[in-house]
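Please open the structure in your viewer and keep the sequence beside it, so that each selection can be found in both places. The tour moves from one stop to the next, and each stop says what to select and what is there.

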Amino acid sequence: MNAHAPIKRPLNVRLATPRGFCAGVDRAIQIVERAIERFGAPVYVRHEIVHNRHVVERLKALGAVFVRELDECPDDRPVVFSAHGVPKSVPAAARAREMLFLDATCPLVSKVHVEAERHHAAGRLILLIGHAGHPEVIGTMGQLPDDAIVLIETVEDAREWRPKDERPLAYVTQTTLSLDDTAEIVKVLKERFPDLPDPHKEDICYATTNRQEAVKQLADGSDLVLVVGSPNSSNSVRLVEVARRAGAAQAKLVDDATQVDWSWFDGVETVGITAGASAPEPLIQALIAAIRERFEVRLSDDPGERETVTFKLPRALTA
């Protein structure tokens, strides 16, 4: 032992439960991996399969080619649609070109699509609570004609939007929103439109719900909360917002340990760590290792919801 080595100060590190990959993300990544195994490289993927830079780079190394639109894909290679879902026009175009395509849309996103179609068939105008430009919102709006869905992004939108006709209303939501923000928007809409029906089952997915509840618990008593996730990951960004609202003095989003500014730890006695649903566990473990290099870590796992959900892979990859 080096007698001159500096003494590390103690630091409590709390890990959220659950954290990291959800069943929909795990399924989507497996679809790309299995497609490469079965059909060889390259396999094309329309948009990022999930919103995490490290996942995308690893799949690129295996032979995945990520493109923005279907017209960038050759007819004779498989194409995978991302976990966020796609407008109906995309698989229709793939069928017209007789392409082999695999749909990695999260089943919980598909549930929202089915719900929107049901409301449309019943003659209702659909209010979609979500963020403009997000692939999931684009996919959901693309399930129906342009005049069938209205996007509501904020409480202010909910207060100011005015219907143009007498159609009855219904609402659906993006699956990765802040539970609290969404509840505020729904409250305003229901005050204005008392007959607005609730979804048969909550649209915000179980993984988003569980991770937000876990980060609220983590924020209570943590001086600093680190959320591992990419900045284009909606659910990861929401975790930072939830942590701040729940009382964390600091909450930061980092893609990996290299993005940590160690001055954040000045005066910190307890740091909480969680990860968005598209962030792999090795990134969390690498962050803990980097913290151990600088502090005498006392590591603990917060109690939380244990997730056992799994989703089946497409038949084309299992038959």
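**Helix H9 and what surrounds it**

Begin by selecting Gly 247, which comes after helix H9 and has a positive phi near 115°; keep in mind throughout that the model is a predicted one.

Now step back to H9 itself, residues 234-245, and look at its two ends, where the C-alpha atoms are 17 Å apart. Twelve residues at 1.5 Å a residue should span 16 Å, because the expected span is 1.5 Å times one less than the number of residues, and the distance in the model agrees with that.

Which residues of H9 are buried? Select Ser 234, Asn 235, Ser 236, Arg 238, Leu 239, Val 240, Val 242 and Ala 243, for these are the buried ones in the helix. To see what covers them, add helix H8 (206-219) and strand S9 (224-228), and then strands S10 (250-254) and S11 (270-275), which are included in that cover.

**The nonpolar cores**

Next, select Val 32, Ile 49, Val 50, Leu 59 and Val 80, which touch the most other members of the largest nonpolar core, a set of 29 residues. At least two residues of this core come from each of H1, S2, H2, strand S3 (64-67) and helix H4 (107-121), and H1 supplies the largest share, with seven residues.

Centre the view on Val 32 and, setting aside its neighbours within four places in sequence, look for its contacts with Val 45, Ile 49, Leu 59, Ala 64 and Val 80. A second core, separate from this one, has 24 residues, and you can find it by selecting Val 13, Val 268, Ala 275 and Val 297, which are among them.

**Two cis peptide bonds**

Select Thr 17 and Pro 18, which are joined by a cis peptide bond with omega about 0°; Pro 18 sits in the loop that runs between strand S1 (10-15) and helix H1 (23-39). Then move to Ala 41 and Pro 42, where the peptide bond is also cis, with omega near 0°, and where Pro 42 belongs to the loop between H1 and strand S2 (43-46).

**Two residues with positive phi**

His 47, in the loop between S2 and helix H2 (53-62), is not a glycine, yet its phi is positive, at about 70°. Is His 47 buried or partly exposed? Its relative accessible area is 21%, so His 47 counts as partly exposed, since buried would require a value under 20%.

Finish at Glu 98, in the loop between helix H3 (89-96) and strand S5 (101-103), where phi is positive, near 55°, in a residue other than glycine. Glu 98 has 71% relative accessibility and is therefore exposed, a term that applies over 50%.

Methods
Residues are numbered from 1 along each chain as its sequence is written. This is a predicted model: local features need pLDDT of at least 70, side-chain atom pairs count only at pLDDT 80 or more; totals for chains, interfaces and linings use all residues. Side-chain values use heavy atoms; hydrogens and water are left out. Helices (H or I, at least four residues) and strands (E, at least two) are DSSP runs, numbered from the N terminus. Buried means under 20% relative accessible area, exposed over 50%, partly exposed in between (1.4 Å probe, protein chains only). A nonpolar core is a set of buried Ala, Val, Leu, Ile, Met, Phe, Trp, Tyr and Cys residues joined through side-chain atoms within 4.5 Å. Contact means heavy atoms within 4.5 Å.
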